[in-house]
Amino acid sequence: MTALLRAEVLKLRTTRGLYGYLIVLVVLTGLGAAGQVSTAHLFERGDPAFQRDMLSQSTVFAALIALLLGILSVTVEWRHGTITRTFLVTPRRWRVLAAKEINGFLLGVGLAILGLVVAIAVIAPVLSHDSASLHVDGAFAARVAEILLAAALWGALGAGVGTLIQHQTGAIVGAIIWVLVVETLLAALLEWAGWKGIADVLPRHALDALAGHEAGLSTAAGGAVGVAYVVVFAALGFLRVRRQDIT
Amino acid sequence: MIEVESLTKRFGATLAVDDLSFSVSPGTVTGFLGPNGAGKSTTLRAILGLVIPDAGRTRVLGKSYAELGHPFQQVGAILETAEAHPGRSGRNHLRVLATAAGVSRARVDDVLELVGMTEAAGRRVKSYSLGMRQRLALAGALLGDPETLVLDEPANGLDPQGIRWLRDFLRMLAGEGRTVLVSSHVLAEVAQTVDHVVIIHKGRLVRQAAMREMEAMAAGAAVVRSPDAARFASLLNEAGIDAQSMGDGELSVAAPTARVGELAAANGVVLHELTAARATLEDVFLELTGDEAQ
Ligand SMILES: Nc1ncnc2c1ncn2[C@@H]1O[C@H](COP(=O)(O)OP(=O)(O)OP(=O)(O)O)[C@@H](O)[C@H]1O
Ligand SMILES: [Mg+2]
């Protein structure tokens, strides 16, 4: 399995697509963090809870890009037909899918670390200009861990979604529209109907709760629901691929 | 050793492979032939575990492909789909395969050299010509140094030098005692390389034969004109040779001209014409896979 995982990482590193996404991530996260810190009041910026929330908000781009790269790690193989060679090397298909899930997970961690570094690099100088500083304590560490885990789950979820849908444009466009539009509208509708409880367990709501910028579920519950989505999509993807004809 | 047993595969309403059975013995090169849409690729993909049969089964080295311990080191394959991501370089593509399969990196440079792709290895696959892609695919198939090779139309896109090179290459592989199953829709293309042929048409086996038999079928036909055609025909038949009357004293004889001439002289039959029927391997192939053959 480590060999397969190393192969997945090598696949990722050896195409240019990744670097484009990294640049986008750095730019968007930097702009997001700058927007957050510059529109906050002085007293807010010194507040540890507010500082943690700024980090949560700034790393949404890492989560979204983890989802997209997770999807792409699977769909490119179908798009270009390289899944044939991949399954020739590893005919036990579940092993390929498992490697892609883990790859998506680690990718999410990596992207979130990059996002956090960029956000802190933008926020910290402003704080020191205020003669304040970032409160690095247990709560801060916990929040960082939750942000990393949320992005990791997004990445793994992407691998499952990609495996299930396979069609690259369909999967990418579908995922973006779901996360940015459909889920927001659906949640509003559910809340209006008095079913906020259901809105809270929608995937973005749950994972945002884990990452600390959605009030619905507790962190732990958000994490548990997020893991459930990852498992369900991975299982559905596996069922689709298990006896699929690769032609 | 490759075994196909009663393989049947449908795609919706299309019966792509229909109760097909054949086997490929170790250390031989077998040509897998049939016209477009005959079901060659589907059969090869079933052998490689990529297509799930509706009925029947396939085995490589005595096991289903998925049960092989190190499939990449045991069976090398080229299929019609793209070998590599277009944005990746040829060398990086092979490195990915080597990493996943546990093959040493040094081997990557060896196979690049072997297929003559060392110079282009650093370029992105997107910029490769069809023939270069095919060479890269062959490099991918050989990376694990497998005993058994399954090649779906490997000559596709190769120029005449490339085809010559591939032919020599396959012969070299066979000389090393490897088992090769190579598909083509042109019999003549593989004629000089293969020991056996498996010919399919519309998903069904038409003929499994040694290449020698195919050549005999192509070479061993003569056209005879004789005033004594009827008697000569029965003489030929007595000698166990098939002779068909074409009318006007003309016979089509399923034997080489030398043999026909000898028989005529021995029996004092006057011949007005004795010509070798110019059947080529292609004629034999077309006859076997023509619709009337069904
Ligand atoms: N994925 C698929 N979906 C539907 N039909 C398919 C699929 N793959 C193959 N077929 C059909 O199965 C039949 C056999 O196709 P196959 O590709 O095996 O033929 P082939 O002998 O390799 O032909 P060619 O010489 O053109 O490569 C054809 O009628 C083809 O249309
Ligand atoms: Mg084919």
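**Notebook: strand 7 of chain B and ligand 1**

I began with a bridge: V150(B) has L181(B), in strand 7 of chain B, as its bridge partner. I noted at the outset that this is a predicted model.

Next I looked up the strand that holds V150(B). Strand 6 of chain B, residues 148-152, runs parallel to strand 7 of chain B, and five bridges join them. I then followed the connection and found that strand 6, helix 6 (residues 160-175) and strand 7 of chain B form a right-handed β-α-β unit.

I turned to another partner. Strand 3 of chain B (residues 29-33) also pairs with strand 7 of chain B in the parallel sense, over five bridges. Here F32(B) sits opposite S183(B).

Is strand 7 of chain B mostly covered or mostly open? I found six of its six residues, 179-184, buried. In a regular strand, side chains alternate between the two faces of the sheet, so I checked each side. T179(B), L181(B) and S183(B) are buried on one, and V180(B), V182(B) and S184(B) on the other.

Then I moved to ligand 1, which lies between chains A and B. I counted 15 residues around ligand 1, with T247(A), G37(B), K40(B), S41(B) and T42(B) the closest. The shell splits into four nonpolar, eight polar and three charged residues. Helix 1 of chain B gives the most, three residues.

For polar contacts, I listed oxygen atoms of ligand 1 at 2.9 Å from a side-chain N or O atom of N36(B), at 2.9 Å from a backbone N or O atom of G39(B), and at 3.1 Å from a side-chain N or O atom of E80(B). The protein covers 66% of the 630 Å² of accessible area that ligand 1 has on its own.

Methods: Residues numbered from 1 in each chain as written. Chains lettered and ligands numbered in written order. Predicted model: local features only at pLDDT ≥ 70, side-chain atom pairs only at ≥ 80, totals over all residues. Heavy atoms only, no water. Near = heavy atom within 4 Å. Polar contact = N/O pair within 3.5 Å; in protein donor to acceptor, adjacent residues only side chain to side chain. Areas by Shrake-Rupley, 256 points an atom, 1.4 Å probe, with all protein chains shown as cover. Helix = DSSP H or I, 4+ residues; strand = E, 2+ residues; numbered from the N terminus. Nonpolar A, V, L, I, M, F, W, Y, C, P; charged D, E, K, R; others polar. Buried < 20%, exposed > 50% of the residue type's maximum accessible area, 1.4 Å probe, protein only. Pairing = 2+ DSSP bridges. Right-handed = clockwise from strand over helix to strand, strands pointing away.
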